[in-house]
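Student: Can we go through this one together? I'd like the fold before the details.

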Amino acid sequence: MTTLKSKLQADLNAAIKERDELRSSTLRLTLAAVQKEEVAGKEKRELSDDEVQKVIAKEAKKRREAAEAFEQGGRAEQAEREKAEGGVLDAYLPQQLSDAELEQIVAEAVAEAREGGAEGPRAMGAVMKLVNPKVAGRAEGGRVAATVKKLLAG
């Protein structure tokens, strides 16, 4: 078992013993998503820590989107529950980049792409190739793309 997956399992056991319903249900759903990913495809396989982290990030993103949808639908109680579940999952993810840190990384990549001859909106792919490995797991793709577009345009 990978170390992150075993940490999730140990934390689930602790949450069950402490009768922490929110944490236990959130961790159960996350471990189920990890197991589903392990059996997806032609053969069952063990996920690496990076792959487990991607599954956790995907689950956290689902919680954020659900919270937004509940808020727009006027269901504040469910929105708070989704936000709380997202908070539980955020503890297992790396620290997210601030807007200033992300902008600095993207600005460096834009300068590097311009040196390589890429200009304007068509340079988006080249810049994203440079930025993605540097921000992997620490910034959402949509947020990165929006920052790249903004700096390429301006």
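Tutor: We can take the overall fold, then one helix, then the largest pocket; bear in mind that the model is predicted.

Student: How many helices and strands are there in the protein chain?

Tutor: The protein chain has seven helices and zero strands.

Student: And why is it called more spread out than a compact globule?

Tutor: Its radius of gyration is 19 Å, whereas the globule rule gives 15 Å for 154 residues, so the protein chain is more spread out than a compact globule. The C-alpha trace spans about 60 × 45 × 25 Å along its principal axes.

Student: What share of the residues counts as buried?

Tutor: Of the 154 residues, 34% count as buried.

Student: On to α2. Which of its residues are buried?

Tutor: S24, S25, T26, L27, T30, L31, A33, V34 and E38.

Student: What covers them?

Tutor: The cover includes α1 (3–17), α3 and α4 (76–90).

Student: How far apart are the ends of α2?

Tutor: Its end C-alpha atoms are 27 Å apart, which agrees with the 27 Å that 19 residues should span at 1.5 Å a residue. Just after α2, G41 takes a positive phi of about 95°.

Student: New topic: how much space is in the largest pocket?

Tutor: About 510 Å³. The lining has 19 residues, with A57, Q96, G137, R138 and A139 lying nearest the centre.

Student: Which helix gives the most to that lining?

Tutor: Helix α3 (residues 49–72), with eight residues.

Student: And how does the lining divide by residue type?

Tutor: Into six nonpolar, five polar and eight charged residues.

Definitions and conventions
Residues are numbered from 1 along each chain as its sequence is written. This is a predicted model: local features need pLDDT of at least 70, side-chain atom pairs count only at pLDDT 80 or more; totals for chains, interfaces and linings use all residues. Side-chain values use heavy atoms; hydrogens and water are left out. On a 1 Å grid over the protein atoms alone, a cavity is a set of points where a 1.4 Å probe fits but cannot get out, and a pocket is an open set with protein on both sides within 12 Å along at least five of seven lines; lining residues have an atom within 4 Å of a point. Grid points are joined across faces, edges and corners, and a volume is the space filled by probe spheres set on the points. Helices (H or I, at least four residues) and strands (E, at least two) are DSSP runs, numbered from the N terminus. Ala, Val, Leu, Ile, Met, Phe, Trp, Tyr, Cys and Pro count as nonpolar, Asp, Glu, Lys and Arg as charged, and the others, Gly among them, as polar. The expected span of a helix is 1.5 Å times one less than its number of residues. Buried means under 20% relative accessible area, exposed over 50%, partly exposed in between (1.4 Å probe, protein chains only). Contact means heavy atoms within 4.5 Å. The radius of gyration is taken over C-alpha atoms; the globule rule is 2.2 Å times the number of residues to the power 0.38.
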